[in-house]
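Trainee: I have a predicted model to look at today, and I would like a close look at one part of it. Could we go through it together?

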Amino acid sequence: MDCLSLGHNILVMKKVSLGAAMVLAKCPRCREGQIFPTSIISYRKLSDVHNHCPTCNAVLTPEPDFYYGAMYISYAFSVALVVNVLIVLNYLFDDPDVWVYVTTVLIGNLLLVPIMLRYSKVLYLNLVGKLKYDPDWKKLKA
């Protein structure tokens with residue numbers, strides 16, 4: 001959570017929304033800790049997830065192979081990419097050759113793989129994982 005200064009040394013905690021926490025890949029429980037140990041632009045250990053939240057110590061991998069279900073979300077992202085590329089290319093270039101479709105989809109998938117892998121795991125953890133936002137997690141940790 002971010003602190004807002006109201007002057008005279010008074011700090012107010014700003015609540016992080018679910019959408020912002022998901023976009024920033026934050027822990028579902030505290031919405032502060034990072035889910036992934038590496039940057040999204042790093043192709044090394046791209047799909048690794050912290051076992052526990054570095055901030056609130058919540059379990060981010062509730063069981064072995066938990067994130068296999070995220071493959072379905074990643075597949076949906078890939079299908080959405082293909083459909084959108086086909087529509088845009090067909091609209092802009094009036095039915096181009098097949099190699100244009102294939103090349104564009106391959107390049108788009110290669111460029112978006114880090115994003116699709118990460119956000120499929122973030123969505124899966126937030127939708128299926130049993131972690132719910134707890135604004136009082138600091139009291140429980142103490």
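What pattern does the chain follow, read along the sequence? After that, please take me through the largest nonpolar core.

Mentor: Happy to! Along its sequence the chain runs β-β-α-α-α-α, which comes to four helices and two strands (DSSP runs numbered from the N terminus: H or I of at least four residues for a helix, E of at least two for a strand). Residue numbers start from 1 along each chain as its sequence is written. The model is predicted, so local features need pLDDT of at least 70 and side-chain atom pairs count only at pLDDT 80 or more, while totals for chains, interfaces and linings use all residues; side-chain values rest on heavy atoms, without hydrogens or water.

On to your core. It has 20 residues, and those touching the most other members are Cys 27, Cys 53, Cys 56, Leu 60 and Tyr 67. A nonpolar core here is a set of buried Ala, Val, Leu, Ile, Met, Phe, Trp, Tyr and Cys residues joined through side-chain atoms within 4.5 Å, with buried meaning under 20% relative accessible area (1.4 Å probe, protein chains only). The elements giving two or more residues to this core are α2 and α3; α3 supplies the largest share, three residues.

Leu 60 is a good place to zoom in. Beyond its neighbours within four places in sequence, Leu 60 has contacts (heavy atoms within 4.5 Å) that include Cys 27, Cys 53, Tyr 67, Leu 125 and Leu 131. His 50 and His 52 are also among the contacts of Leu 60. A separate core of six residues includes Val 85, Val 100, Tyr 101 and Val 105.

How do the two contributing helices meet? The axes of α2 (residues 70–93) and α3 (residues 98–127) come within 8 Å and cross at roughly 145° (lines fitted to C-alpha atoms over the stretch in contact, with angles from 0 to 180 degrees between N-to-C directions).

For the wider setting, 34% of the 142 residues in the chain count as buried. Among contacts between residues at least 6 apart in sequence, 54% join residues at least 24 apart.

Finally, keep confidence in view. The chain averages a pLDDT (the predictor's confidence in each residue, from 0 to 100) of 84, and 88% of the residues score at least 70. The highest mean, 92, belongs to α2, and the lowest, 45, to β1 (residues 2–5). Over residues 1–12 pLDDT stays under 50, and the model has 20 contacts beyond four places in sequence for that stretch.

Conventions. Buried means under 20% relative accessible area, exposed over 50%, partly exposed in between (1.4 Å probe, protein chains only).
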